[in-house]
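Student: I've got this model open and I'd like to know what the labels people put on it really rest on. Can we go through them one at a time?

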Amino acid sequence: MADYFIFRCSNNTYIECMQRNLFGQTNNMMNHVSRVKTGDILFLHNLSTQIIEGPFFAASAGSENIEADAWN
């Protein structure tokens with residue numbers, strides 16, 4: 001059974017999330033991100049617009065710095 005997770009973005013990071021097919025969280029949320037498994041259900045909440053999109057499905061397990069140059 002898949003778990004589900006809600007990730008957050010803003011208008012400043014939304015396009016990069018969609019282009020890279022990559023969701024992220026702040027470092028203090030790493031304990032939640034590390035629980036993501038391949039196939040889990042993901043939603044993306046844009047805090048700027050208050051729109052939640054999904055479902056998306058995790059292509060890999062959650063980990064830190066999957067793409068080191070993301071959001072720089």
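Tutor: Sure, starting with a definition: a nonpolar core is a set of buried Ala, Val, Leu, Ile, Met, Phe, Trp, Tyr and Cys residues joined through side-chain atoms within 4.5 Å. Keep in mind that this is a predicted model.

Student: What makes up the largest nonpolar core here?

Tutor: Ten residues: F5, F7, C9, C17, F23, V33, V36, L42, L44 and A58. Strand 1 (4–9) and strand 2 are the elements that give two or more residues to this core. With three residues, strand 1 gives the most. As a general point, nonpolar side chains tend to be buried together in soluble globular proteins.

Student: Which residues of strand 1 are on its covered face, and which on the uncovered one?

Tutor: F5, F7 and C9 are on the covered face, while Y4, I6 and R8 are on the uncovered one.

Student: Why is H45 called buried?

Tutor: Buried means under 20% relative accessible area. H45 has 14%, so it counts as buried. H45 is found in strand 2 (residues 41–46). Leaving aside residues up to four places away in sequence, H45 touches I6, F7, R8, C9, Q50, I51 and I52.

Student: What makes N21 exposed?

Tutor: The cut-off for exposed is over 50%. N21 has a relative accessibility of 70%, so it counts as exposed. N21 is in the loop between helix 1 and helix 2.

Student: And why is Q50 put under exposed?

Tutor: Again, exposed means over 50%, and Q50 has a relative accessible area of 55%, so the label fits. You'll find Q50 in the loop between strand 2 and strand 3.

Student: What is there to say about phi at N21 and at Q50?

Tutor: Most residues other than glycine have a negative phi. N21 is not a glycine, yet its phi is positive, about 50°. Q50 isn't a glycine either, and its phi is positive at about 60°.

Student: Where is there a cis peptide bond?

Tutor: Between G54 and P55, where omega is about 5°. P55 lies in strand 3.

Student: How do you know that strand 1 and strand 2 pair?

Tutor: Pairing needs at least two bridges between the strands. Strand 1 and strand 2 have six, in the parallel sense, so they count as paired. Among the partners, Y4 stands opposite I41 in strand 2, and C9 has N46 as its bridge partner.

Student: What order do the strands take in the sheet, and why are strand 1 and strand 3 called edge strands?

Tutor: The open sheet has three strands in the order 1-2-3, with mixed pairing. Strand 1 and strand 3 (51–57) each have a single partner strand, so one side of each is left without a neighbour in the sheet. From one strand to the next, the twist averages 25°.

Student: Where does helix 1 sit?

Tutor: Helix 1 (residues 11–20) lies across strand 1, strand 2 and strand 3, and runs at about 150° to strand 2.

Student: What is the volume of the largest pocket, and which residues are closest to its centre?

Tutor: The volume is about 640 Å³. The lining has 29 residues, and L22, F23, G24, I66 and W71 are the closest to the centre. Helix 1, helix 2 (30–33) and strand 3 each supply at least two residues of that lining.

Technical notes
Residues are numbered from 1 along each chain as its sequence is written. This is a predicted model: local features need pLDDT of at least 70, side-chain atom pairs count only at pLDDT 80 or more; totals for chains, interfaces and linings use all residues. Side-chain values use heavy atoms; hydrogens and water are left out. Helices (H or I, at least four residues) and strands (E, at least two) are DSSP runs, numbered from the N terminus. Buried means under 20% relative accessible area, exposed over 50%, partly exposed in between (1.4 Å probe, protein chains only). Contact means heavy atoms within 4.5 Å. Axes are lines fitted to C-alpha atoms, for helices over the stretch in contact, and angles run from 0 to 180 degrees between N-to-C directions. On a 1 Å grid over the protein atoms alone, a cavity is a set of points where a 1.4 Å probe fits but cannot get out, and a pocket is an open set with protein on both sides within 12 Å along at least five of seven lines; lining residues have an atom within 4 Å of a point. Grid points are joined across faces, edges and corners, and a volume is the space filled by probe spheres set on the points.
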